[in-house]
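Hi,

Here is the structure I said I would pass on. Have a look at it first, then read my notes underneath.

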Amino acid sequence: MDEELPKEFDLIVIGTGFPESAVAAAASRIGKTVLHIDPNEYYGGSWSSFNLEAFIMLMDGRAKRNQEITHFQYQWHIPLETDEELQEECEANDQKWSVSRLMQLSRKFNIDLCPKILYSSGKLVHLLISSNICRYAEFRAVDRVCTLYQNELLNVPCSRSDVFNTKDLNIIEKRLLMKFLTTCMAYGENKCEEDSVEFRGRSFFEYLQKQQITEKINRCIMQAIAMVNEGTSFEEGMERTKKFLQSVGRYGNTPFIFPMYGCGEIPQCFCRFCAVFGGIYCLKKEITGIHVEENGNKVIVEVENLQTIQADYVVCSPGNLTEPLKAMKEVKNHLSRGIFMSKQPLGGVESARNGGSTDGGVNLLRLLTSDGQREAICIQLSCPSGTCPKGIYIYHLISPSISNDPAADLHPFKELIFPDLSFLLMSAYFTITSYNYELFDTNGRILVTDPPFYELDYDLSIENAYETFKKLYNDAEFLPRAPDPEEIVIEGEDPRALVENQLPEDLRAQLHELEMALDNMDVEENMNENVNIRAVTP
């Protein structure tokens, strides 16, 4: 945008991450005037995706860095160039990748800073459908849900057919698993159920031990189905298992879906929605000042190379908050991130085939350290997800930080998924750093969103966006459904004509024939009435 901006808005949103974009979309949908600004030249902030060239520029400091992304480091494990002789040798050994060749394919990469996996019946899927924002995105079903059992990758059966078709469980284990899953689906329907009463206030792990299931099934349930720890309560474990089961079969054989072209598409969906309802967008604009007027009724925002703009409210991401507003800061959520490129899918080609995917697909694996005290989420992506070229597999590792060295934080998990480092092409590490800011008194006019959470889906971030919106407009609905383009009737148009135009040509012809027949029937009835009238007239 140039210098033609209005001088006043109902809401100014700074940062285009997921919670900021959701709030902007919700405000625009109910008719508020919204200005959405981002100092970066790309959408998404800590939630964005990059092609390979842009990602490397971000890592080595040649591109402007988001303040929330710190402790960058990366390393290539392949040669920069390959001469002709070496190329022939590499091709014979199926090791033909070089840095220059990967860079030539840069635009085929979509590398997420903060990847997520969506439950098919989770909060974000419901929100996308109920608001009609889903029309701006495409998704792919997750191909495999895995766990490690005795240092071997185990494909976890997700549905009834998976349970009976898997070769990883014997017949007794299949029956035990089906019995347990059936019990979980019925959980909550009978409040006086004996197991429910007995284990209230106890751990989910104790409940599993009581079921006399095998160690392998216990591992599948704890690490891949319920995704809980030994200290998780019985009630939470059952609810998480039920959520898993309720998501199975909605959009694929597993309970999860992944956005095509990466999770950076999700914030952009909400931005598109906001723009459709009148939101104005400005990228590459630094915020030089934010303050509340003395009377406390308006917020003044000073934007680089633009006029001063005022608004009723300002919503800001943590990394874009100006220093004068920060009364105190404390660590909110540090995430250690690892991104790896490999020429082999998770568990090897044979394991991928056993899981029903010859190309690696989208795989999900939850990892634990040997002492069970720390965990990480591993998401492996391949070409069909639209995030990398064919023959390349991207691995995302996410874990809560315990230090300022993400490589050291993630080292135990890296060893679990890469016992053979010869398949690695590149490894990169960084930390998503964010703080919980306590603001000076701003009369409720300036609100700060939360950074990304350590979670599989977007549940906590959706709650953050919802709560932020309700602080602004408590009586308004959060993201009500938007009409489809064909449902919009412009003043003066015949809605019936619009519906007819959407029909296929053969159905339109049939409709026209029916209308003609009805018109003829009306004519005949009028003629008969006239005859009857003449017949009774004296």
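Below is what turned up, starting with the open spaces and ending with a strand.

One thing to keep in mind: this is a predicted model.

Let's begin with the largest pocket. Its volume is about 650 Å³, and 29 residues line it. If you want to find its centre on screen, look for R219, Q223, L368, T369 and S370, which lie nearest to that point. Several elements supply at least two lining residues each, namely strand 8 (144–149), helix 9 (204–210), helix 10 (215–225), strand 17 (363–368) and helix 14 (406–417). Helix 10 gives the most, with five residues. The pocket lining is a mix by class: eleven nonpolar, twelve polar and six charged residues.

There are closed spaces too. The count is two cavities of 30 Å³ or more, and the largest cavity holds about 60 Å³ of space. Among the residues that line this cavity are C114, P115, I377, F453 and Y454. Its lining divides into ten nonpolar, no polar and two charged residues, and K116 and E455 are both part of that lining.

Next, the aromatic rings. Searching the whole structure gives 23 aromatic pairs. Take Y42 and F50: their ring centres are 4.8 Å apart and their planes meet at 75°, so this pair counts as edge-to-face. Are these two residues buried or exposed? Both Y42 and F50 are buried. Elsewhere, F180, F199, F204, Y207 and F234 come together as one aromatic cluster.

Two rings also have a charged side chain over them. R101 lies over the face of W97, 4.3 Å from the ring centre. In the other case, the charged end of K243 sits over the ring of Y119, at 4.3 Å from the centre of that ring.

Last, have a look at strand 20, residues 424–432. How many of its nine residues are buried? The answer is nine, so to speak the full run of the strand. Which strands pair with strand 20? Strand 4 (residues 69–76) does, in the antiparallel sense and over six bridges; here I69 has I432 as its bridge partner. Strand 16 (residues 335–342) is also antiparallel to strand 20, with eight bridges, and R337 is partnered with F430.

Try finding each of these on screen yourself.

Cheers

Definitions and conventions. Residues numbered from 1 in each chain as written. Predicted model: local features only at pLDDT ≥ 70, side-chain atom pairs only at ≥ 80, totals over all residues. Heavy atoms only, no water. 1 Å grid on protein atoms, 1.4 Å probe; cavity = no way out; pocket = protein on both sides within 12 Å on 5 of 7 lines; lining within 4 Å. Points joined across faces, edges and corners; volume = space filled by probe spheres on them. Helix = DSSP H or I, 4+ residues; strand = E, 2+ residues; numbered from the N terminus. Nonpolar A, V, L, I, M, F, W, Y, C, P; charged D, E, K, R; others polar. Phe/Tyr/Trp six-rings, centres within 6.5 Å; stacked < 30°, edge-to-face > 60°. Buried < 20%, exposed > 50% of the residue type's maximum accessible area, 1.4 Å probe, protein only. Lys NZ or Arg CZ within 6 Å of the ring centre and 35° of its normal. Pairing = 2+ DSSP bridges.
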